[in-house]
Amino acid sequence: MGFFDDLVGKVTGAIKGSEGQGGLLEGVLGLLTNQETGGLGGLMQSFNQHGLGDIISSWVGTGNNAVITSEQIQEVLGGDVIHQLAEKSGVSIDAAKAQLAELLPSLINKVTPEGKIPEGGLLDKGQVLLRGIFSQR
């Protein structure tokens with residue numbers, strides 16, 4: 001098992017108390033670190049393409065996090081991604097969208113503590129990710 005798999009396992013285990021959150025977190029971490037889709041940078045680009053760049057920029061920045069709706073989550077991520085995340089998490093599509101609307105802002109905020117995307121990508125910043133998630137608890 002690689003470092004990232006171990007990281008995901010630890011984080012997922014730490015939040016198993018919330019129904020579906022462990023699977024959603026694992027899926028979101030996959031989105032943020034997937035080099036094929038551009039990782040966090042690619043997600044930011046998708047937000048910008050849908051006219052929601054100001055929302056994700058607030059999560060990366062050091063100010064207050066803007067709120068996102070379930071409908072906006074679906075618009076940015078697309079139905080296929082939402083369906084896959086819901087299925088993996090064992091929750092309904094509506095529950096997945098609602099949980100993602102809560103999870104994404106705080107997670108992205110925590111993995112960008114200095115208001116910018118970490119150099120070298122998120123895979124190289126696993127300790128920042130763990131520290132950020134565990135400080136929420």
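A residue counts as buried here when its relative accessible area is under 20%. With that in hand, let us walk through this predicted model, starting from the whole chain and moving in to single residues. Of the 137 residues of the protein chain, 45% are buried by that cut-off.

The overall plan is easy to state: the protein chain has eight helices and zero strands. Read from the N terminus, the order of elements is α-α-α-α-α-α-α-α. Sequence distance is a helpful thing to keep in mind as we go on. If we take the contacts between residues at least 6 apart in sequence, 61% of them join residues at least 24 apart.

Helix α3 is a good place to begin the tour. This helix spans residues 39-49, and its buried residues include G39, L40, G42, L43, M44, S46 and F47. A general point about helices is useful for reading such a list: an α-helix has 3.6 residues a turn, so residues three or four places apart point the same way. Just after α3, G51 takes a positive phi of about 75 degrees. From there we come to helix α4, residues 53-60.

How do α3 and α4 meet? Their axes come within 7 Å and cross at roughly 145 degrees. On the α3 side, the residues in contact are L40, L43, M44, F47 and N48, and on the α4 side they are G53, I55, I56, S57, W59 and V60. Sorted by class, this contact of α3 with α4 holds eight nonpolar, three polar and no charged residues.

Some of the α3 residues also have a place in the largest pocket, which has a volume of about 160 Å³. Rolling a probe the size of a water molecule over the atoms shows where empty space is left. Which residues line the largest pocket? They are L31, T37, G39, G42, L43, S46, V76, L77 and V81. Two elements, α3 and α5 (70-77), give two or more residues to this lining. The contribution of α3, with four residues, is the most. By class, the lining of the largest pocket has five nonpolar, four polar and no charged residues.

The pocket leads us on to α5 and its neighbour, helix α6, which covers residues 79-89. The axes of these two helices come within 6 Å and cross at roughly 110 degrees. Angles of 65 to 115 degrees count as roughly perpendicular, and α5 and α6 are therefore roughly perpendicular to each other. In their contact, I73, Q74 and L77 of α5 meet G79, V81 and I82 of α6. Those residues divide into four nonpolar, two polar and no charged. L77 and V81 may look familiar, as both are among the residues lining the largest pocket.

At residue 70 of helix α5 we find S70. Is S70 buried or exposed? With a relative accessible area of 19%, S70 is buried, because the cut-off for buried is under 20%. Leaving aside neighbours within four places in sequence, S70 is in contact with K97, A98 and A101.

Those partners bring us to helix α7, residues 93-111. This helix also packs with α4, at an angle of about 50 degrees and with the axes 7 Å apart. α4 and α7 are therefore oblique to each other. Here I56, W59 and V60 in α4 meet L104, P105, I108 and N109 in α7. The contact of α4 with α7 has six nonpolar, one polar and no charged residues. Note that I56, W59 and V60 are also among the α4 residues that meet α3.

Staying with α7, L103 is a residue of this helix and is buried, with a relative accessible area of 9%. Its C-alpha atom is separated by 8.7 Å from that of V28, although the two residues are 75 apart along the chain.

Our last stop is the end of α4 and the loop after it. S58 lies in helix α4 and counts as buried at 14% relative accessibility. Not counting residues up to four places away in sequence, S58 touches G63, N64, N65 and A66. Of these, G63 sits in the loop between α4 and α5. G63 is partly exposed, with a relative accessible area of 47%. The C-alpha atoms of G63 and N109 are 9.6 Å apart, with their positions 46 residues apart along the chain. N109 is one of the α7 residues that meet α4.

Conventions: Residues are numbered from 1 along each chain as its sequence is written. This is a predicted model: local features need pLDDT of at least 70, side-chain atom pairs count only at pLDDT 80 or more; totals for chains, interfaces and linings use all residues. Side-chain values use heavy atoms; hydrogens and water are left out. Axes are lines fitted to C-alpha atoms, for helices over the stretch in contact, and angles run from 0 to 180 degrees between N-to-C directions. Contact means heavy atoms within 4.5 Å. Ala, Val, Leu, Ile, Met, Phe, Trp, Tyr, Cys and Pro count as nonpolar, Asp, Glu, Lys and Arg as charged, and the others, Gly among them, as polar. On a 1 Å grid over the protein atoms alone, a cavity is a set of points where a 1.4 Å probe fits but cannot get out, and a pocket is an open set with protein on both sides within 12 Å along at least five of seven lines; lining residues have an atom within 4 Å of a point. Grid points are joined across faces, edges and corners, and a volume is the space filled by probe spheres set on the points. Angles under 35 degrees count as roughly parallel, over 145 as roughly antiparallel, 65 to 115 as roughly perpendicular and the rest as oblique. Buried means under 20% relative accessible area, exposed over 50%, partly exposed in between (1.4 Å probe, protein chains only).
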